[in-house]
Amino acid sequence: MKIVVIGGTGLIGSKLITKLNALGHEAVAAAPNTGVNTLTGEGLTEVLKGAQVVVDVSNSPSFEDAAVMNFFQTSTRNLLSCEAAAGVGHHVALSIVGSEGLPQSGYMRAKVAQEKLIKEGPIPYTIVHATQFFEFTKRIADEATVENIVRLPPVLFQPMAADDVASALCKVAITSPLNRAIEIAGPEAFRFDELIRQRVSADNDPREVVADPSAGYFGTQLTERSIVPGDNAQLGTTRFEDWLREPSNQVVPTSAATSGSSTTATPPCSRHSCTTRPRAAPRSRCRAYPCWTALPTAASPRCGCTSTSRRCSSGSAPSQLSLLPRK
Ligand SMILES: NC(=O)c1ccc[n+]([C@@H]2O[C@H](COP(=O)([O-])OP(=O)(O)OC[C@H]3O[C@@H](n4cnc5c(N)ncnc54)[C@H](OP(=O)(O)O)[C@@H]3O)[C@@H](O)[C@H]2O)c1
């Protein structure tokens, strides 16, 4: 079966492509650097020829409110109309557990708008609501940092491994459309601050993580259960503690850290929380994922992907702390 994965070069997309191909399907990665742009429509008609299923795991390069809304609405409209013309029979999209209950967040509003277009659109669909990815926990810590203290509300949090997300999407993509949303999550629930503290500590990151009931999360307040799933969620099998132990998920100490040198250490790939750090070259290939991520330089300390074909997906600066040498 030909299955087009929109965002097939990203964190989830690249894992999904591998899994679908391993099952003998013709999985095609569609993204700007493969010549497909859902915002402009470039390459869509061509890539969708003969496709039975489309899985949309793309993400907005900017999380700014208007930009993210424009991304998910324009991309989804373009996609659905080209899918209808191509005779695609199943549109699968990845969204977020609890998105409908968090309208203060511009990102969540955009995901809800994406889902509304899918539900009202012409293509049979399945929407997969996932909890936060383990790989996203570093970004969460960075966003929640003020003056070197990470403040998070001590609400329930049940994140999952990107690999488990991709496995769940793989199953959904090769079965019939459900025309509704399903939920997927990690196998264990934690207190939000507790899990982020584990992550920060495993990275030997000296930041303190504080439970602060008034702290926000990407522009919104959370309640006890706003980002955990209901009783019928399908649970992944990877436990956070085991995931943290995998070498590919550990932050590699820089030479500055190991030698005690005072030169500025470069933070790891902000795109996928991978552990790659540049050696001699200013850019370094991300070991865990098929991307090129530009790493901040002294001249340009803000996070910014300088590759001609890629943009910074986070749109944010690495925390000042992460630019300091690790001790
Ligand atoms: N992070 C979480 O914890 C979480 C939790 C639940 C659900 N989700 C959802 O999961 C999805 C995937 O996240 P991810 O972390 O895998 O994203 P990611 O690694 O940032 O990958 C995003 C992908 O989208 C592609 N893309 C960007 N602009 C595009 C455009 N105009 N046309 C076509 N493709 C475009 C990117 O291609 P280039 O690299 O070429 O730009 C890349 O392949 C998102 O929709 C997100 O809302 C995330």
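The following conversation between a visitor and a guide explains the terms used to describe this structure.

Visitor: What kind of model is this, and how are its residues numbered?

Guide: This is a predicted model, in which local features need pLDDT of at least 70 and side-chain atom pairs count only at pLDDT 80 or more, while totals for chains, interfaces and linings use all residues. Residues are numbered from 1 along each chain as its sequence is written.

Visitor: What makes a stretch of the chain a helix or a strand?

Guide: Helices are DSSP runs of H or I with at least four residues, strands are DSSP runs of E with at least two, and both are numbered from the N terminus. By that rule the protein chain has nine helices and 14 strands.

Visitor: Why is G186 called buried?

Guide: A residue is buried if 20 or more other C-beta atoms, placed from the backbone, lie within 10 Å of its own; it is exposed if there are 12 or fewer, and partly exposed in between. G186 has 29 other C-beta atoms within 10 Å, and therefore counts as buried. Its place is in the loop between β9 (181-185) and β10 (190-191). In the protein chain of 327 residues, 46% are buried.

Visitor: Which residues are in contact with G186?

Guide: Two residues are in contact if their C-beta atoms, placed from the backbone, lie within 7 Å. Leaving aside neighbours within four places in sequence, G186 is in contact with T131, Q158, P159, M160, L235, G236 and F240. The C-alpha atoms of G186 and L235 are separated by 5.3 Å, although the two are 49 residues apart along the chain. Across the protein chain, residues 24 or more positions apart account for 74% of the contacts with a separation of 6 or more.

Visitor: Why is R180 called exposed?

Guide: R180 has 9 other C-beta atoms within 10 Å, so it counts as exposed. R180 lies in the loop between α6 and β9. From R180 to V128, C-alpha to C-alpha, the distance is 8.7 Å, with their positions 52 residues apart in sequence.

Visitor: How do N148 and N179 count, as exposed or partly exposed?

Guide: N148 has 12 C-beta neighbours inside 10 Å, so it counts as exposed. N179 has 13 such neighbours inside 10 Å, and therefore counts as partly exposed. N148 sits in the loop between β6 and β7, and its phi is near 65°, a positive value in a residue other than glycine. N179 lies in the loop between α6 and β9; its phi is also positive, about 55°, although N179 is not a glycine.

Visitor: What makes β1 and β2 a pair?

Guide: Two strands pair if DSSP finds at least two bridges between them. Five bridges join β1 (residues 2-6) to β2, and the two run parallel, so the definition is met. Among the partners in β2, A29 is bridged to V5 and A30 to I6. Four of the five residues of β1 are buried, so β1 is largely enclosed by the rest of the structure.

Visitor: Why does one side of β2 lack a neighbour in the sheet?

Guide: The open sheet has seven strands in the order β2-β1-β3-β4-β5-β9-β12, with parallel pairing. β2 (26-30) and β12 (234-235) stand at its edges with a single partner strand each, so one side of each is left without a neighbour in the sheet.

Visitor: How do you know that β6 and β7 pair?

Guide: β6 and β7 (residues 149-152) are joined by two bridges in the antiparallel sense, so they reach the required number of at least two. In β7, I149 is the bridge partner of V146.

Visitor: What makes a group of residues a nonpolar core?

Guide: Such a core is a set of buried Ala, Val, Leu, Ile, Met, Phe, Trp, Tyr and Cys residues joined through C-beta atoms within 7 Å. The largest has 69 residues, of which V4, V5, L16, V55, V165 and L169 touch the most other members. Helix α6 (residues 162-173) gives the most to this core, with eight residues. Apart from it lies another core of eight residues, including F63 and Y107.

Visitor: Why is the ligand's shell said to lie between two domains?

Guide: Domain bounds come from an automatic or database domain assignment. Domain 1 (2-132 + 158-185) and domain 2 (252-327) both give residues to the shell around the ligand, so it lies between them.
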